[in-house]
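User: Hello! I am new to reading protein structures, and I would like to learn why the usual labels are given. Could you go through some with me?

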Amino acid sequence: MRVNYGYIKVLILLGLVVFLYAFTNARNKSRVVAKPIVEFLGSDNLYLTHDNVSKLLIQNYGGVKNVPKETLVLNELEKALKSNPMIKTAEVYVAVNGKLNAEIEQKTPIARVSTNASYYIDDEGSSMPLSKNYSARVPLVTGYVEKNNLKKVFKIARKINKDEFLKKHVFEIHQDINMNLYLRLRKCDFIVQLGDGEFLDKKINNLKAFYKQNQKNNTLNKYSQVNLQFENQVICTKI
């Protein structure tokens with residue numbers, strides 16, 4: 001009986017491959033996770049620190065250093081990070097070398113409420129706590145502001161954040177008890193009355209035209225109020 005050595009070689013090679021795969025897989029699963037590596041995406045302004053994120057991971061998993069890879073539930077770690085009110089998105093993964101990586105995108109504040117409570121309004125219209133690590137240079141929001149009703153304030157704050165003229169000049173947004181909006185500008189004594197926030201683009205264009213003309217004539221500080229609440233009018237009150 002002729003022995004088919006070629007067939008035997010194939011079986012031995014196949015068995016060796018299976019063994020090596022099983023061995024590598026078992027070793028990879030048993031590899032312990034090293035200290036988390038935290039990377040912040042986007043802005044360099046860190047409202048959270050690397051240590052803050054590491055502590056969040058540890059608190060929600062009882063420690064992620066020197067833990068077997070197979071015991072980690074990455075979705076749960078991501079969920080824990082996203083529950084932090086300063087974090088917009090989070091992705092957690094373990095590299096082949098056993099290092100736990102967390103990629104974090106922070107929320108972006110566009111206004112800071114300073115009433116009986118203090119917090120930021122982010123670029124999606126939600127509240128965001130202040131940070132001990134960094135203070136954002138954004139307009140202050142004063143007056144009558146409810147944390148669960150930020151719609152009007154957010155509308156003007158978003159407009160300011162996207163407009164270079166407003167971003168440069170506006171330092172305060174005020175909302176009165178009737179939900180009417182006002183602006184205060186740097187180096188100007190007058191207050192800008194916007195009304196209910198409707199026809200905002202038209203009103204801002206009127207403000208820019210008024211500012212440009214009076215800056216040219218050096219008369220900006222001769223007014224106490226600039227009323228823009230009517231769409232096609234600029235009503236100025238002199239000091």
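Analyst: Gladly! Let us start with a rule for accessibility: a residue is buried under 20% relative accessible area, exposed over 50%, and partly exposed in between (1.4 Å probe, protein chains only). Please keep in mind that this is a predicted model, where local features need pLDDT of at least 70, side-chain atom pairs count only at pLDDT 80 or more, and totals for chains, interfaces and linings use all residues. Residues are numbered from 1 along each chain as its sequence is written, and side-chain values use heavy atoms, with hydrogens and water left out.

User: Why is Lys187 called exposed or buried?

Analyst: Its relative accessible area is 83%, so Lys187 is exposed. Lys187 sits in the loop between β9 and β10 (191-195); strands such as these are DSSP runs of E with at least two residues, helices are runs of H or I with at least four, and both are numbered from the N terminus.

User: What makes the phi of Lys187 worth a remark?

Analyst: Lys187 has a positive phi of about 65°, yet it is not a glycine. Most residues other than glycine have a negative phi. Met179 also has a positive value, near 70°, and is found in the loop between β8 (170-175) and β9 (181-185). With 24% relative accessibility, Met179 counts as partly exposed.

User: What makes Lys88 and Glu124 a salt bridge?

Analyst: A salt bridge needs a side-chain nitrogen of Lys or Arg within 4 Å of a carboxyl oxygen of Asp or Glu. For Lys88 and Glu124 the N to O distance is 3.7 Å, and the pair meets the rule. Lys88 lies in strand β2 (residues 87-94) and Glu124 in the loop between β5 (118-122) and β6 (127-128), so the pair ties together parts that are 36 residues apart in sequence. Lys88, at 32%, is partly exposed, while Glu124, at 52%, is exposed.

User: How many salt bridges does the rule give?

Analyst: The count is 5. Another of them joins Lys208 and Asp163, with the closest N and O atoms 2.7 Å apart. Lys208 is in helix α6 (residues 200-216) and Asp163 in the loop between α4 and α5, 45 residues apart. Asp163 has a relative accessible area of 11%, so it is buried, and Lys208, at 26%, is partly exposed.

User: How do you know how many disulfides there are?

Analyst: A disulfide is a pair of cysteine sulfur atoms within 2.5 Å, and by this rule the count is 0. Among the cysteines, Cys188 is buried at 6%, and Cys236 is partly exposed at 30%.

User: How do you know that the span of α4 agrees with what is expected?

Analyst: The expected span of a helix is 1.5 Å times one less than its number of residues. The 12 residues of α4 should therefore span 16 Å, and its end C-alpha atoms are 17 Å apart, which agrees. The buried residues of α4 are Val153, Phe154, Ile156, Ala157 and Ile160.

User: Which residues of the lining of the largest pocket count as nonpolar, polar or charged, and how many are there of each?

Analyst: Ala, Val, Leu, Ile, Met, Phe, Trp, Tyr, Cys and Pro count as nonpolar, Asp, Glu, Lys and Arg as charged, and the others, Gly among them, as polar. By these classes the lining has 10 nonpolar, 6 polar and 8 charged residues. As for the term itself, on a 1 Å grid over the protein atoms alone, a pocket is an open set of points where a 1.4 Å probe fits, with protein on both sides within 12 Å along at least five of seven lines, and lining residues have an atom within 4 Å of a point.
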